[in-house]
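Student: Could you take me through the pockets in this one, with a close look at what lines them?

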Amino acid sequence: MRYAVGLVNVGLGTIYFSYGLMTIVDLKRGWRTNGLSHFGLAWIAMAFTCGPHHLDHGLSVLAGEVPGGPLDLAAVLVGAPAGVTWFLLRIEALGGGRGDRFVSGTPTWLRAVAWMSGLYVIVLGAAVIVTLEHSPAFTPRFTPNILLLGLYCLIGYYLLRTQLANRPVTGGWSVSGLALTIIFPTCGAMHALYATYAAAGRYPVTWHCLLIDWMAVPAAIYFVWVVRNLSLGTMTDWNLGAQGARLHLA
């Protein structure tokens, strides 16, 4: 279990760093001609705070400093398909490809994802309650993780709301947009479970991980501001990193 938790977190952290580097390449290509890209900057900030969190946590688990738990592993695995999908589409876009796919209508598998998401929230909530049933020790050191849970879910809300609003117009869904919509709430769940294990006394909250998580809070707030304005139509964005999201944010 420990090695599985450690390796998947290191892998996820590496993917986040790759997200950030690819977005930097996108910005460099278009900055002089198109100007500032808020989406690109927000995504870089997110990638270079989420990445270090998972790398730090994964390396700590592999080093035996943190035991690793089944809920931790489950949370990463649940979010992995969406993260890998977004990652592969970004690689395609970076190479000059489409960087997205369009899904017509609402197929059965997509309806199943919606139902499974609701079931996941119920199971996750029950698991948190069971884990914390024996004298949980809440401290201010968990604050950034709780804030990130709320902020990431808020980002997912704006992404989902605009997907639903444009569904009657486009007649379908952006795969890149759907993946992005799933990524943020599942990241929030990872932080919630990290705080849960810490409150149960199973995970230590190290100063370096705490610093990384506090740095992630303003990055997440900035991302909320960007997706909210894109959703309301008060902002447009040229960056290729937002290409998949443009179908539902522009």
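Tutor: Sure, terms first: on a 1 Å grid over the protein atoms alone, a pocket is an open set of points where a 1.4 Å probe fits, with protein on both sides within 12 Å along at least five of seven lines, and lining residues have an atom within 4 Å of a point. This is a predicted model, where local features need pLDDT of at least 70 and side-chain atom pairs count only at pLDDT 80 or more, while totals for chains, interfaces and linings use all residues. Residues are numbered from 1 along each chain as its sequence is written, and side-chain values use heavy atoms, with hydrogens and water left out.

Now the largest pocket: 33 residues line it, and Val113, Ala114, Ser117, Thr181 and Ile182 lie nearest its centre. Its space comes to about 1100 Å³, a volume being what is filled by probe spheres set on the points, which are joined across faces, edges and corners. Helices here are DSSP runs (H or I, at least four residues), numbered from the N terminus. At least two lining residues come from each of α3 (70-94), α4 (108-131), α5 (143-170) and α6 (175-199), and α4 gives the largest share, 12 residues. By class, that lining has 24 nonpolar, eight polar and one charged residues; Ala, Val, Leu, Ile, Met, Phe, Trp, Tyr, Cys and Pro count as nonpolar, Asp, Glu, Lys and Arg as charged, and the others, Gly among them, as polar.

The second largest pocket holds about 180 Å³. It has 16 lining residues, with Leu12, Ile15, Val76, Gly79 and Ala80 closest to its centre.
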